[in-house]
Amino acid sequence: MINPALEAAIWGGVSGLALILGALVGYFINLPHKVISSIMAFGAGVLISALSFELMAKATEQGGLLYAVSGFASGVLVYSIANYFVSHGGGLHRKRSQGIPKHAKITTDKSKIATSAGMAIALGALLDGIPESAAIGVSMLEGGSVALVTVFAVFMSNIPEGLSSSAGMKKAGKSATFVFTLWIAITLVLALSAYLGLTLLGQLGNEYIGFATALAAGAILVMIIQTMIPEAFEDMHDITGPIAAVGFLVAYSASEIFS
């Protein structure tokens, strides 16, 4: 039987592989934006379901309402502050598969935009991915098995980051070796985050586990609103909501069936 900590790291790495998959597509293939928008809408719905039923519900059960609410608020605050600095460093549109949207004002050299944005997107992937991967590890604390809904949701949300970053860095003249070495390194960090989510948080009391679980939920919700929804809505105005609703129902049904 596989060691639980190693299993957590593997699942964290699986979710991070989406960054490499997205990078492959972004560097070598021009995928239609509507396809990515649909994926983002579906993934947003899945993540909302996962943070509601897989994270917040368990956080309240483990630590009580006070710890769950305070953890969630802390996640919102920490993520928002970190996201502010990443966004103002060029990573504002890091989950937009086509990079900077048409309506954005561009007043600087395009090569500089591609360079700064590409690296900021990679940094943003860490910002988004660490709490998400930690949540994957935390999901194994109860019952010993991973919440596959959470893994799937995180996987779906990571694809556009690899797409947009690799496309930007390619325009800036970065080699494929540089781009994919960077994403492999980030994937390993995410695997470590899942490992620590299980081993480090698992040593704490239920109240702190509940707090940490809710913290991840708060960070993920802000990420959905600030980075995933704009991408999903970009080209799919009329059906973004229904696609997201389908994602929510699929994730909710899966959590009920497999719980």
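# Briefing on an eight-helix chain

Ser15 lies in helix 1, and in this predicted model that residue counts as buried because its relative accessibility is 0%. The chain as a whole holds 8 helices and 0 strands, and its elements, read from the N terminus, follow the order α-α-α-α-α-α-α-α. The points below take up the overall figures, then a group of aromatic rings, and then several individual positions.

**The chain as a whole**

- Of the 259 residues in the chain, 50% count as buried, and the area that the chain exposes comes to about 11900 Å², with carbon and sulfur atoms supplying 71% of it.
- Among the contacts in the chain with a separation of 6 or more, 88% are accounted for by residues that stand 24 or more positions apart.

**Ser15 in helix 1**

- When neighbours within four places in sequence are left aside, Ser15 is in contact with Ser133, Ile136, Val151, Val154, Phe155 and Asn158.
- Ser15 is placed in helix 1, and its 0% relative accessibility is under the 20% limit, which means that the residue counts as buried.

**Aromatic rings of helices 1 and 6**

- A pair of aromatic rings is described by the distance of the centres and the angle of the planes.
- The count of aromatic pairs in the model comes to 6.
- One of these pairs is formed by Tyr27 and Phe28, an edge-to-face arrangement with 5.0 Å centre to centre and 65 degrees between the planes.
- Tyr27 counts as buried because its relative accessibility is 10%, whereas Phe28, at 55% relative accessibility, counts as exposed.
- The rings of Tyr27 and Phe180 have centres 5.9 Å apart and planes at 65 degrees, and this pair is therefore edge-to-face as well.
- The pair of Tyr27 and Phe180 links distant parts of the chain, since Tyr27 belongs to helix 1 and Phe180 to helix 6 (residues 176–199), with their positions 153 residues apart in sequence.
- Taken together, Tyr27, Phe28 and Phe180 are linked into a cluster by ring pairs.

**Phe180 and its surroundings**

- Phe180 is found in helix 6 and is buried, its relative accessible area being 14%.
- Not counting residues up to four places away in sequence, Phe180 touches Ile20, Ala23, Leu24, Tyr27 and Phe28.
- Phe180 and Ser166 are 14 residues apart in sequence, and their C-alpha atoms are 8.4 Å apart in space.

**Phe28 and a nonpolar surface patch**

- Phe28 lies in helix 1, which covers residues 4–28, and counts as exposed because its relative accessibility of 55% is over the 50% limit.
- Together with Leu21, Leu24 and Ile29, Phe28 makes a nonpolar surface patch of about 390 Å².
- Phe28 thus takes part both in this patch and in the ring cluster with Tyr27 and Phe180.

**Ser49 in helix 2**

- Ser49 has its place in helix 2 (residues 33–63) and counts as buried because its relative accessibility is 2%.
- A polar atom of the Ser49 side chain lies 3.3 Å from the backbone nitrogen of Tyr252.
- With neighbours within four places in sequence left aside, the residues in contact with Ser49 are Glu54, Phe248, Ala251 and Tyr252, so that Tyr252 appears both in this list and in the polar approach to the side chain.

**Thr150 in helix 5**

- Thr150 lies in helix 5 (residues 148–171), where a relative accessibility of 3% means that Thr150 counts as buried.
- Residues up to four places away in sequence not being counted, Thr150 touches Ala50, Glu54 and Ile136.
- The C-alpha atoms of Thr150 and Glu54 are 7.5 Å apart in space, although the two residues are 96 residues apart in sequence.
- Glu54 is also among the contacts of Ser49, and Ile136 is also among those of Ser15.

**Ala82 in helix 3**

- Ala82 has its place in helix 3 (residues 65–91) and is partly exposed, with a relative accessible area of 26%.
- The C-alpha atoms of Ala82 and Leu127 are separated by 7.4 Å, while the two residues stand 45 residues apart along the chain.

Note on methods
Residues are numbered from 1 along each chain as its sequence is written. This is a predicted model: local features need pLDDT of at least 70, side-chain atom pairs count only at pLDDT 80 or more; totals for chains, interfaces and linings use all residues. Side-chain values use heavy atoms; hydrogens and water are left out. Helices (H or I, at least four residues) and strands (E, at least two) are DSSP runs, numbered from the N terminus. Buried means under 20% relative accessible area, exposed over 50%, partly exposed in between (1.4 Å probe, protein chains only). A polar contact is a pair of N or O atoms within 3.5 Å; within protein, one must be able to donate a hydrogen and the other to accept it, and residues adjacent in sequence count only if both atoms are side-chain atoms. Contact means heavy atoms within 4.5 Å. Patches are made of residues with over 30% relative accessible area and no salt bridge: like charges are joined within 9 Å, nonpolar side chains (Val, Leu, Ile, Met, Phe, Trp, Tyr) within 5 Å. Accessible areas come from the Shrake-Rupley method with a 1.4 Å probe; for residues, only the protein chains shown count as cover. A salt bridge is a side-chain nitrogen of Lys or Arg within 4 Å of a carboxyl oxygen of Asp or Glu. Rings of Phe, Tyr and Trp (its six-membered ring) pair if their centres lie within 6.5 Å; planes under 30 degrees apart count as stacked, over 60 as edge-to-face and the rest as tilted.
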